[in-house]
Amino acid sequence: MSMMEVDPPIQSSNSDKKSSSSSNQEKTLKVHPLAIIGISDHHTRVTMGGSKLAKDAPVIGLLFGFQEGLEITIFDAEEIEYASV
């Protein structure tokens, strides 16, 4: 079974930071369990062959949520089935 690929974190240099006060604040990401289940279900169906897509096809979807300051909340996810050429 293959693992989901995750992009490495992006590190910014000190010159990219707008102010020292904003760099000291903690960024928060909250993901609702419904979104996690949707993402996991879509990934499992594609990689296990339960989808029209090839088993090695990229898993693509949409995340729905909102941002308040430095806090991002994801409350739902929707799969995207696409036709490969």
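Is Lys30 buried, exposed or partly exposed, and what is its relative accessible area? Lys30 is partly exposed, with a relative accessible area of 42%. The model behind this value is predicted.

## Overall fold

The protein has 2 helices and 3 strands. Read along the sequence, these elements follow the pattern α-β-α-β-β.

The protein has 85 residues, of which 12% count as buried. About 7,300 Å² of the protein is exposed. Carbon and sulfur atoms supply 57% of that area. Take the contacts between residues at least 6 apart in sequence: 51% of them join residues at least 24 apart.

## The sheet and helix H2

The 3 strands form an open sheet in the order S1-S3-S2, and the pairing is mixed. Strand S1 (28-31) and S2 are the edge strands, each pairing on one side only. From one strand to the next, the twist averages 30°. Helix H2 packs on this sheet and touches S1, S2 and S3. The direction of H2 makes about 40° with that of S3.

Strand S3 covers residues 71-79. S1 and S3 run parallel and are joined by 4 bridges. Within this pairing, Lys30 has Thr73 in S3 as its bridge partner.

## Salt bridge between S1 and S3

The whole structure holds 3 salt bridges. One of them joins the side chains of Glu71 and Lys30, at 3.6 Å from N to O. Glu71 lies in strand S3 and Lys30 in strand S1, so this salt bridge ties together parts that are 41 residues apart in sequence.

Both ends have some exposure to describe. Glu71 is partly exposed, with a relative accessible area of 26%. Lys30 is also partly exposed, at 42%. Lys30 thus appears in two kinds of link: a strand bridge to Thr73 and a salt bridge to Glu71.

## The network at Arg45

Which residues are linked with Arg45 in a network of salt bridges? They are Asp41 and Glu79. In the salt bridge of Arg45 with Asp41, the closest N and O atoms are 2.8 Å apart. Both residues lie in helix H2. They are 4 residues apart, about one turn of the helix.

Arg45 also forms a salt bridge with Glu79, where the closest N and O atoms are 2.5 Å apart. Why does this pair tie together parts that are 34 residues apart in sequence? Because Arg45 lies in helix H2 and Glu79 in strand S3. Helix H2 also touches S3 in packing on the sheet. Each member of the network is partly exposed: Arg45 has a relative accessible area of 26%, Asp41 is at 38% and Glu79 is at 30%.

## Ser51 in the loop

Ser51 sits in the loop between helix H2 (33-48) and strand S2 (61-68). Is Ser51 buried or exposed? Ser51 has a relative accessible area of 14%. That value is under the 20% cut-off, so Ser51 counts as buried.

The side chain of Ser51 makes a polar contact with the side chain of Glu81, at 3.3 Å. Setting aside neighbours within four places in sequence, Ser51 is in contact with Arg45, Val46 and Glu81. Arg45 therefore links this loop residue by contact to a salt-bridge network that includes Asp41 and Glu79.

How values were computed: Residues numbered from 1 in each chain as written. Predicted model: local features only at pLDDT ≥ 70, side-chain atom pairs only at ≥ 80, totals over all residues. Heavy atoms only, no water. Buried < 20%, exposed > 50% of the residue type's maximum accessible area, 1.4 Å probe, protein only. Polar contact = N/O pair within 3.5 Å; in protein donor to acceptor, adjacent residues only side chain to side chain. Contact = heavy atoms within 4.5 Å. Areas by Shrake-Rupley, 256 points an atom, 1.4 Å probe, with all protein chains shown as cover. Pairing = 2+ DSSP bridges. Axes fitted to C-alpha atoms, helices over the stretch in contact; angles between N-to-C directions. Salt bridge = Lys/Arg side-chain N within 4 Å of Asp/Glu carboxyl O.
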